[in-house]
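Morning, everyone. Please have a look at the structure on the screen, and I will walk you through it.

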Amino acid sequence: AGPAGHRATGTVDAIDAEARGITVSHDPIPSLQWPSMTMAFELANESLGQGLKPGTAVAFEFVERAPGQYVIVKIAPRAGR
C-alpha cells in the first residue's frame with residue numbers, strides 16, 4: 001500500500017507549471033489536524049494543473065511522498081464556486 005491520502009478543499013493562489021507546483025489556500029484538514037493555511041504542493045504530474053488558474057475553488061487529494069513533501073494526486077474545480 002502507498003502513503004495515506006488526505007482530502008481537502010481550497011482555492012488556487014498560484015501555479016508554477018515549470019516546477020510542477022501549486023499554491024493553495026486550503027480549509028482545515030482533519031486527517032492531519034491542520035488548520036486553514038496557504039501552502040505549496042507538488043503536482044504528481046503537470047497535466048493536473050491544466051485548466052486551473054488563481055482564484056479557482058478546488059477539491060483535491062494529496063499524499064506525503066516523503067517527510068514534508070506533499071504531492072497532489074487528484075485535483076478538480078468545485079462545482080458551484
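**A short tour, starting at Ala4**

Let's start with Ala4. Ala4 sits in the segment before β1. One thing to keep in mind throughout: this is a predicted model.

Is Ala4 buried or exposed? Ala4 is exposed, and its relative accessible area is 51%. The cut-off for exposed is over 50%.

Now, what does Ala4 touch, if we skip residues up to four places away in sequence? The answer is Phe62, Val63 and Glu64. Take Phe62. Along the chain, Ala4 and Phe62 are 58 residues apart. In space, their C-alpha atoms are separated by 8.5 Å.

Next, the overall layout. How many helices and strands does the protein have? There are 0 helices and 5 strands. Read along the sequence, that gives β-β-β-β-β. The radius of gyration is 12 Å, close to the 12 Å that the globule rule gives for 81 residues, so the protein is as compact as a globular protein of that length. What does the C-alpha trace span along its principal axes? About 30 × 25 × 20 Å.

A few totals while we are here. Of the 81 residues, 33% are buried. The protein exposes about 4,800 Å². Carbon and sulfur atoms supply 51% of that area. Then contacts. Take those between residues at least 6 apart in sequence. Of these, 46% join residues at least 24 apart.

On to charge. The protein carries 7 positive and 8 negative side chains. The centres of the two sets lie 9 Å apart.

How many salt bridges does the structure hold? It holds 2. Let's take them in turn.

The first stop is Glu61 and Arg7. Their side chains meet in a salt bridge, at 3.4 Å from N to O. Where do the two residues sit? Glu61 lies in strand β4, residues 57-66, and Arg7 in strand β1, residues 5-16, so the pair ties together parts that are 54 residues apart in sequence.

Look at how the two partners are covered. Glu61 is buried, at a relative accessible area of 17%. The cut-off for buried is under 20%, so Glu61 falls within it. Arg7 is exposed, at 64% relative accessibility. So this bridge has a buried residue at one end and an exposed residue at the other.

What else does Glu61 touch, again leaving out residues up to four places away in sequence? Its contacts include Gly5, His6 and Arg7. They also include Val71, Ile72, Val73 and Lys74. Arg7 is the salt-bridge partner we just met.

Now the other bridge. Arg20 pairs with Glu46, and the closest N and O atoms are 4.0 Å apart. This pair links distant parts of the chain. Arg20 is in the loop between β1 and β2, and β2 covers 21-26. Glu46 is in the loop between β3, which covers 37-43, and β4. The two residues are 26 residues apart.

How exposed are these partners? Arg20 counts as partly exposed, at 29% relative accessibility. Glu46 counts as exposed, at 52%.

Stay with Arg20 for a moment, and look at its backbone. Phi of Arg20 is near 55 degrees. That is a positive value in a residue other than glycine.

Where else can we find a positive phi? Gln33 is one place to look, with phi near 60 degrees. Gln33 is also a residue other than glycine. Gln33 is in the loop between β2 and β3. At 74% relative accessibility, Gln33 counts as exposed.

One more residue, and then I am done. Asn45 lies in the loop between β3 and β4. That loop also holds Glu46, the partner of Arg20. Is Asn45 buried, exposed or partly exposed? Asn45 is partly exposed, with a relative accessible area of 33%. Now compare Asn45 with Gly21. Their positions along the chain are 24 residues apart. Their C-alpha atoms are separated by 9.4 Å.

To recap: 5 strands and 0 helices. There are 2 salt bridges. One joins Glu61 and Arg7. The other joins Arg20 and Glu46. Thank you.

Notes
Residues are numbered from 1 along each chain as its sequence is written. This is a predicted model: local features need pLDDT of at least 70, side-chain atom pairs count only at pLDDT 80 or more; totals for chains, interfaces and linings use all residues. Side-chain values use heavy atoms; hydrogens and water are left out. Helices (H or I, at least four residues) and strands (E, at least two) are DSSP runs, numbered from the N terminus. Buried means under 20% relative accessible area, exposed over 50%, partly exposed in between (1.4 Å probe, protein chains only). The radius of gyration is taken over C-alpha atoms; the globule rule is 2.2 Å times the number of residues to the power 0.38. Contact means heavy atoms within 4.5 Å. Accessible areas come from the Shrake-Rupley method with a 1.4 Å probe; for residues, only the protein chains shown count as cover. Lys and Arg count as positive and Asp and Glu as negative; His and the chain ends are not counted. The place of a charge is taken as NZ of Lys, CZ of Arg, CG of Asp or CD of Glu.
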